[in-house]
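The following exercises concern strand pairing, aromatic contacts and surface exposure. Please work through each task with the structure in view before reading its solution.

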Amino acid sequence: MDSSSSCPPFTMHKCKPELVAPSIPTPDETKLLSEIDDQNYLRLHYSIIQIYQNESSMANKDPVRVIRQALAQALVFYYPFAGRLREGRGHKLMVDCTGEGVMFVEADADVTLDQFGDNLQPPFIHSKAFMCDVAESEDIKNLPLLLIQVTRLKCGGFVVSTGWNHVMADGAGLSQFMQAWAEMARGIKTPSISPLWRRELLMARDPPRITCNHREYDQIQDDNLNSLDLVHRSFFFGPAQMAALRGLLPRQLRQCTAFDLITACFWRCRTRALQIDADEDVRMMCIVNARNRFRPSLPVGYYGNAFAYPAAMTTAGKLCANPYAYAVELIHKVKGEVTEEYMHSVADLMVLKGRCMPTTVRSCLVSDLTRARFRDVDFGWGKALSGAPAKGSTGPFYGGTHIVSYKNSKGVDGLVLPVWMPAEAMSMFVKDMEDMISGNQNQQNHPTKAASFIRSTM
């Protein structure tokens, strides 16, 4: 397989896919998924790409063998991942814990990390070559719940691609599994956090009742933007960029989170670039991990989906005409709406409205994956140089994205925001982002030092 990009072409050799089963027999049983798990929007495989450099102390170790063996050991504790999905009454998904195993592909690429240069910045533009080859049309019930490829590089580094069916776990849950998997690779016999299924905690109530306002599920006629010609850019926010954004806020708001700063900036600039009519409603859906919103909190070790995406809503005119602080306050406020009752209300809504999809019309969605710590997963070769989703968008929704941590080629730690936009709107979006970072909100056309934070992966 040849890969075309700005780095020299490289050849990828993939072995035939194999199934890796738990290293010892595991319970043969059926486990139900919660209504938060079993949303149509989550019935997809999402992939994480982790890139590791060579480690001299591991010179006699083969990463493929170490990671494959550790995977079999980790699946003893996380044995539902080795099963298969099936549908019950009302198309509700459940997991048959058959112990069949997960897909594993061993591969080699004749390329070095140095040849990739700055292209390691998420999302890794060569991701597709490093992922398991699975047809997108394949029925998820026929696929293993984990699709893993480990690729050796010519320099001694390697790439781990992990595709997981999102109905099984959210980002925090997958990270918990990966940490256990890495612990097995480092010789630890049992995970430091014991996995807990307990999906009944987020099942719908009987009778189901919607008790909260869920603007994220408003059903709006699609304006068909997903058919437009899209381009991609990736934005790096280091200390200088974050300080510039904080400087645009009144003093009482300057302690807000990095997520609030970046998400508000993205929402505002994107709305302007798309030239949405001033009186049209626009939404920003914020992924909120609800584990600590319960009283008491969900038990430690719970690895199912436990998030909501409440929608901040205003009109395009208000969002663009008001100061930046307006968007920051809307986002901060909507995140606080997620409570235990809110989560139960979402679960009930899934039953009463037939697992309806979140609205994508004039909407954005941002997930903070910095706390998932995918870069920190250490299989024995140290932390990853990069650990982030393979794609810049959230599933088929180009208005969805995520924030991940990354250390750039200059050694600066920061955050990366990938963005997909229609080609004709991207130039205006970039200009607005540059103006905000440089403190030039009056849109004057003068040189800015902010351009270095933008990377194009067309």
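**Exercise 1: Strand pairing**

Ser405 stands opposite Leu415 in S19. The model is predicted, with local features requiring pLDDT of at least 70 and side-chain atom pairs pLDDT 80 or more, while totals for chains, interfaces and linings use all residues. Residues are numbered from 1 along each chain as its sequence is written, and side-chain values use heavy atoms, without hydrogens and water.

Task: Determine which strands pair with S19 and in what sense.

Solution.
- Step 1. Strands are DSSP runs of E with at least two residues, and helices are runs of H or I with at least four, numbered from the N terminus. Two strands pair if DSSP finds at least two bridges between them.
- Step 2. Strand S18 (residues 400-407) runs antiparallel to S19 and is joined to it by four bridges. Five residues lie between the strands of this hairpin, where Gly411 has a positive phi near 85 degrees.
- Step 3. S11 also pairs with S19 in the antiparallel sense, over eight bridges; Ser234 has Pro418 of S19 as its bridge partner.
- Step 4. Of the ten residues of S19 (residues 413-422), eight are buried, where buried means under 20% relative accessible area, exposed over 50% and partly exposed in between (1.4 Å probe, protein chains only).

**Exercise 2: Aromatic pairs**

Task: Classify the ring pair of Tyr52 and Phe379, and state how it is placed in the chain.

Solution.
- Step 1. Rings of Phe, Tyr and Trp (its six-membered ring) pair if their centres lie within 6.5 Å; planes under 30 degrees apart are stacked, over 60 edge-to-face, and the rest tilted.
- Step 2. The whole structure holds 21 aromatic pairs. In one of them, Tyr52 and Phe379 are 5.8 Å apart centre to centre with 70 degrees between the planes, which is edge-to-face.
- Step 3. Because Tyr52 belongs to strand S5 (residues 45-52) and Phe379 to the loop between strand S16 (363-368) and strand S17 (386-389), the pair ties together parts 327 residues apart in sequence.
- Step 4. Tyr52 is buried, at 0% relative accessibility, and Phe379 is buried with a relative accessible area of 0%.

**Exercise 3: A charge over a ring**

Task: Over which rings does Arg199 lie?

Solution.
- Step 1. The criterion is NZ of Lys or CZ of Arg within 6 Å of the ring centre and within 35 degrees of the ring normal.
- Step 2. The charged end of Arg199 sits 3.7 Å from the ring centre of Trp197. Arg199 also lies over the face of Tyr302, at 5.7 Å from the ring centre.
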